[in-house]
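This report covers helix packing, strand pairing and aromatic contacts. The sequence and structure come first.

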Amino acid sequence: MNRQLNEDEIVDGIDEAMREGRIYAVLQPQINHSTGRMVGAEALMRWNDPENGLQMPGNFIPILESYDMIYEADLCLFEDVCKFIRSCLDEKIPVVPISCNVSRYDVYQHDYVEQVEKIRKKYDIPVRYLRFEITESSAMGGLELVLQVLKDLHKYGYLVEMDDFGSGYSSLNVLKDLDVDIIKLDMRFLRGGFGGRGGTIVSSIVQMTRWLNTQIIAEGVETAEQADFMESLGCYYIQGYYYSEPLLKETFLKKLKQTNHEPLSPALNLIRTIDAGKFWEPESLETLIFSNFVGAAAIFTYKDGKPEILRINKKYIKELGMNLDERAIIGTDPWEGIDDNNRAIYDATVKRAIESGEEETCETCRILCSDSCGNARIWIRTDLRVIGNAGDQYLIYAMIQNITTEKEIMIKAMGNEKLFKNAFDQINVFAWEYIFENREMHPCFRCMRELGLPPVVENYPDPVFESGLFPMDYKDMYYDMLKKLEEGEKEMEAVIPLTAGRIPFRVKYTTEFDENGKPLKAYGSAVMVTDEGGQS
């Protein structure tokens, strides 16, 4: 029968216990509940006394802390973990990352990180196989020291976990200041069941960790019901007696060989130029730009075909033009008012943005409803770009433009297209439209038939000069004409010799403006002339 050592025996015997290898690590697996694969393990300290048997950490660790002896014991445990990983690597056994605890007493020793780095190098262990766990209590009363330790650990490439999150009284306040990579959620949150305030808080924490650029592990999971509940919230990683108690290294090694492994999926992978976390800081440069200097913009999440709007700016509300407010947009289903066809267009564009990593554009129609304006059918051009992802959930930045007026004019014009074509075929006139924003030229049927132009001429007018249709000596004059139109000239015309035969045509442009007076496109025509004042 084991007997727990008393205080004097612990203090007097710790040095010998470390020298003789009686202080050692047991390893508790961390499992992806969705796949059953192992993603890591936590090293827990044990003391096996030859005369009195196994000593539990709750008995001896507080005493070592009170006598400032835990620092050496923690380094001893870390070295035991390094030895185990080294043996696995030498025997070609695939290993998972193992995390070791950092106590506040370790933090007070300013050479702690240097000492663990020296041990790691001694056994030549790749940094990816080692993590460190720091508790909320470690930061209490010594935040500056903890911040420095985290900075030093990150400098060497270690990942840092916050252990026992939610067990203290100021978790959110501490988390705000600590740049941790993984949060270990204390399942005591759910001690009273999954309903009510506890379940709501846990759900919010899981969602919050996505935008803090951290992964989350549920610690202390004891039942399938708990594991399934956490999985339903998006927390797949589980540690606790439901899967395994802490194991001796020999037993853990067997489990390691029998269980498939996988890495922790990255948390929120951001594109290099954006710090999504700063979008939530009211005084950050990102918020200043988002709110004041960019156009109509929104940030939303996307997972399994379902978007959820997180943030919009004032220009977004104004661009919709329906006298709505933030609550009416953020609090509703983004798919509401969009028919199946337009939803499919938008959904396909989001998927293209995810696959390409580039900005993708679509035009969709939707019905918006407001108390003051009633129902209205509007057209929106949306530019989408993925700025981050958390597994299969994506963070997307959207810029919108209300193109309702433009679309209505285009639809009306398309209805008369056959009439236009028939008329142009009877007279010696060529016609086209030029879109300022994307420099596209859309020629009439006669232009395509007689001049060999495609249905859309991109980067207009460069291709027509390069083909010889327009003479190069008129290039500067023609570009100046388009520039003035784009700057707001309502009409312009000039006589230009066109085609290889340099046949003179009177080229005329008329500009179309949006409701705000911004030039949208210009309608062009070319009529053959026989002299400076007449036409054929």
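Helix α1 (residues 7–19) packs with helix α2 (residues 57–66) at an angle of about 70°, and their axes are 10 Å apart. Axes here are lines fitted to C-alpha atoms, for helices over the stretch in contact, and angles run from 0 to 180 degrees between N-to-C directions. The angle makes α1 roughly perpendicular to α2, a class that spans 65 to 115 degrees, with angles under 35 roughly parallel, over 145 roughly antiparallel and the rest oblique. On the α1 side the contact (heavy atoms within 4.5 Å) is made by Glu7, Ile10, Val11 and Ile14, and on the α2 side by Asn59, Phe60, Ile63 and Leu64. By class, six nonpolar, one polar and one charged residues take part in the contact of α1 with α2. Ala, Val, Leu, Ile, Met, Phe, Trp, Tyr, Cys and Pro count as nonpolar, Asp, Glu, Lys and Arg as charged, and the others, Gly among them, as polar.

The model is predicted: local features need pLDDT of at least 70, side-chain atom pairs count only at pLDDT 80 or more, and totals for chains, interfaces and linings use all residues. Residues are numbered from 1 along each chain as its sequence is written, and side-chain values use heavy atoms, with hydrogens and water left out. Helices (H or I, at least four residues) and strands (E, at least two) are DSSP runs, numbered from the N terminus.

Strand β1 (residues 23–32) is mostly covered, with ten of its ten residues buried; buried means under 20% relative accessible area, exposed over 50%, and partly exposed in between (1.4 Å probe, protein chains only). Both faces of β1 are covered, with Ile23 and Leu27 among the buried residues on one side and Tyr24 and Val26 among those on the other. Two strands pair if DSSP finds at least two bridges between them. Three antiparallel pairings are listed below.

| Strands | Bridges | Opposed residues |
|---|---|---|
| β1 and β2 (residues 38–49) | nine bridges | proline 29 and alanine 41 |
| β1 and β9 (residues 237–239) | three bridges | glutamine 30 and glutamine 239 |
| β16 (residues 429–435) and β17 | four bridges | isoleucine 435 and glutamate 440 |

The hairpin of β1 and β2 has five residues between the strands, and glycine 36 takes a positive phi near 75° there.

An open sheet of five strands runs in the order β17-β16-β20-β19-β18, with antiparallel pairing. β17 (440–443) and β18 (491–498) are at the edges with a single partner strand each, so one side of each has no neighbour in the sheet. From one strand to the next, the twist averages 25°. Helix α20 (residues 475–486) packs on the sheet and touches β16, β18, β19 (503–513) and β20 (519–528), and its direction makes about 160° with that of β18.

The structure holds 18 aromatic pairs. Rings of Phe, Tyr and Trp (its six-membered ring) pair if their centres lie within 6.5 Å; planes under 30 degrees apart count as stacked, over 60 as edge-to-face and the rest as tilted. The rings of tyrosine 112 and phenylalanine 132 are edge-to-face, with centres 6.4 Å apart and planes at 75°. Tyrosine 112 lies in helix α5 (residues 112–123) and phenylalanine 132 in strand β5 (residues 130–135), so the pair ties together parts 20 residues apart in sequence. Both tyrosine 112 and phenylalanine 132 are buried. Phenylalanine 465 and phenylalanine 470 are also edge-to-face, with ring centres 5.5 Å apart and planes at 90°.
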